Amino acid sequence: MGPAGSLWHHIPSDSEETGEDEDASPSAEPETTLDACSQWRNNVGFWLLGLCNNFAYVVMLSAAHDILSHQKVPAGNGTEPTPPSVPANASRYDCNAISTGAVLLADILPTLLIKFSAPFCIHLLPYGLRVIICVITAWGSFLVVAFSTCTVQSLAGVVLASISSGLGEITFLALTSFFDSAVVSAWSSGTGGAGLLGALSYLGLTEAGLSPQHTLLLMTIVPVIMQASYSFVLAPPPGAPRCGWGNRPQKSRRSPSSTQQPLLENKATLQNKTQSPQLSLQEKGQVVKGLLKYLIPLAVVYFAEYFINQGLFELLYFHTAPFTHAQQYRWYQMLYQAGVFVSRSSASCIRIRHIWLLAVLQCLNMVFLSVAVSKMFLPSIYIVFALVLYEGLLGGAGYVNTFHCISEKSKPEHREFAMGVACIADTLGISLSGAVAIPIHNHFCRLP
């Protein structure tokens, strides 16, 4: 996407990588096909990057109930019943004054802005600088929320987590275009792991007696792991941006020969991932148009699931359950993320190419739980636990299968741009769900 002279995006031809003569192209194969150790490092590296990139985002959503309760629960660390947030708390739903959808919007709108603009201008920044920005903003988000003295300050910290997650996702998904396609599964599994480990760690540490503040301070180690994974774990193939500041390798400037062209088109090698010439706006528009059959269903999947998460979770309150309201919310988040992790890690076993089917099933789930909130007919919280786990399975499957389809179907010269722009879909769906969740929350909380 960027000009050939940019700091991070010069893509050497095959002859530049090997420095060999045209008739020596068969011997270039060992240099363009990574050994098992390097492939293992890349899979581990992208798994860790996915984990660290989404960790702060997930923790902020898991802590949403505490953030809106201003985190001032030192006696029971959020494990004891909290005072009513609504005057006289006449509502049957034991509502916070502000919907957790507000936290979702703070956690997603900056991401949406980044994802809409980044595919067209992010090539101006080298990969290494982008990663450093992600690390600093993620680290800052934990500190700001941990030491906040008001809800507005807490939401500012959530915004920092959103910037880190949004920039990181579009950066690392674009970076996968230079590596073997297996790293897409590793990245997706890592993001699912972030959901499970983030929600589970927040739940476990607060249940163990730590305050939300101390829990968040412990999590400041995660951005450091992100930087280490990018700088020391990844083993970039020839032609990929270098780790660190992305300076291009110094190679000769010879054009690829005709005998090397079949190698460039061979999906068994990585060369097809390093052919990313500058695309015109018209070409980018055509790429986006071709992606709509994947992006629209993915946006619907994420709209439905995050409407459930931030619009209905807080309202699915069981007074007779052996958990406080805050505990119930955290358990919902943890089980949802467990489902996401399992399905995002299943791409090597199960492939789903009809993303629209997942969208339909998720919408049915949303409608059922909306009716359950309205009529309050579910007899046990454990039924909701099962439905929330199922919701996470659908959402994770939608994510990983969408990006696999895009990676496989995109032309080599379009793949980096396509992978970057495709992540707009889930963010758009999440943003719309947050906007809808707030008035729905307010409607139910006004009911006696």
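Start by selecting Glu283, which you'll find in helix 12; helices here are DSSP runs of H or I with at least four residues, strands are E runs of at least two, and both are numbered from the N terminus. Glu283 counts as partly exposed, with 35% relative accessibility. For that label, buried means under 20% relative accessible area, exposed means over 50%, and partly exposed is in between, using a 1.4 Å probe and protein chains only. Now add His414: the two C-alpha atoms sit 8.9 Å apart, although Glu283 and His414 are 131 residues apart in sequence.

A quick word on what you're looking at. This is a predicted model, where local features need pLDDT of at least 70 and side-chain atom pairs count only at pLDDT 80 or more, while totals for chains, interfaces and linings use all residues. Residues are numbered from 1 along each chain as its sequence is written, and side-chain values use heavy atoms, with hydrogens and water left out.

**Zoom out to the whole chain**

Colour by secondary structure and you get 17 helices and 0 strands. Of the 448 residues, 58% are buried. Take the contacts (heavy atoms within 4.5 Å) between residues at least 6 apart in sequence: 86% of them join residues at least 24 apart. Switch on the surface and you have about 17100 Å² of accessible area, 68% of it from carbon and sulfur atoms; the areas come from the Shrake-Rupley method with a 1.4 Å probe, and for residues only the protein chains shown count as cover.

**Select 185-204, then 380-405**

An unreviewed UniProt entry lists both spans among its "transmembrane region" features; the positions follow the numbering used here, feature names are shortened, and annotations may be inferred rather than shown by experiment. Residues 185-204 are 100% helix, with end C-alpha atoms 27 Å apart. Residues 380-405 are 96% helix, and their end C-alpha atoms lie 39 Å apart.

**Next, helix 14**

Select residues 355-375. Helix 14 has 21 residues and runs 31 Å from first C-alpha to last, close to the 30 Å expected at 1.5 Å a residue; the expected span is 1.5 Å times one less than the number of residues. Which residues of helix 14 are buried? They are Ile355, Leu358, Ala359, Gln362, Asn365, Met366, Leu369, Ala372 and Val373. These cover an arc of only 145° around the axis, so they fall on the same side of helix 14; the arc is taken from the directions from the helix axis to the C-beta atoms. An α-helix has 3.6 residues a turn, so residues three or four places apart point the same way. Show helix 12, helix 15 and helix 17 too, since the buried residues of helix 14 pack against them. Flip to the other side of helix 14 and you'll see Trp356, Leu364 and Lys375 exposed. Just after the helix comes Met376, with a positive phi near 50°.

**On to helix 13 and the core**

Helix 13 (325-344) is mostly covered, with 17 of its 20 residues buried. Pick Tyr332: along with Phe46 and Leu175, it touches the most other members of the 111-residue largest nonpolar core. Such a core is a set of buried Ala, Val, Leu, Ile, Met, Phe, Trp, Tyr and Cys residues joined through side-chain atoms within 4.5 Å. Helix 12 supplies the largest share of this core, 13 residues. Beyond four places in sequence, Tyr332 touches residues including Phe313, Ile381 and Phe385.

**Last stop: Val222**

Val222 lies in helix 10 and is buried, at 10% relative accessible area. Leaving out neighbours within four places in sequence, Val222 contacts Cys52 and Phe55.
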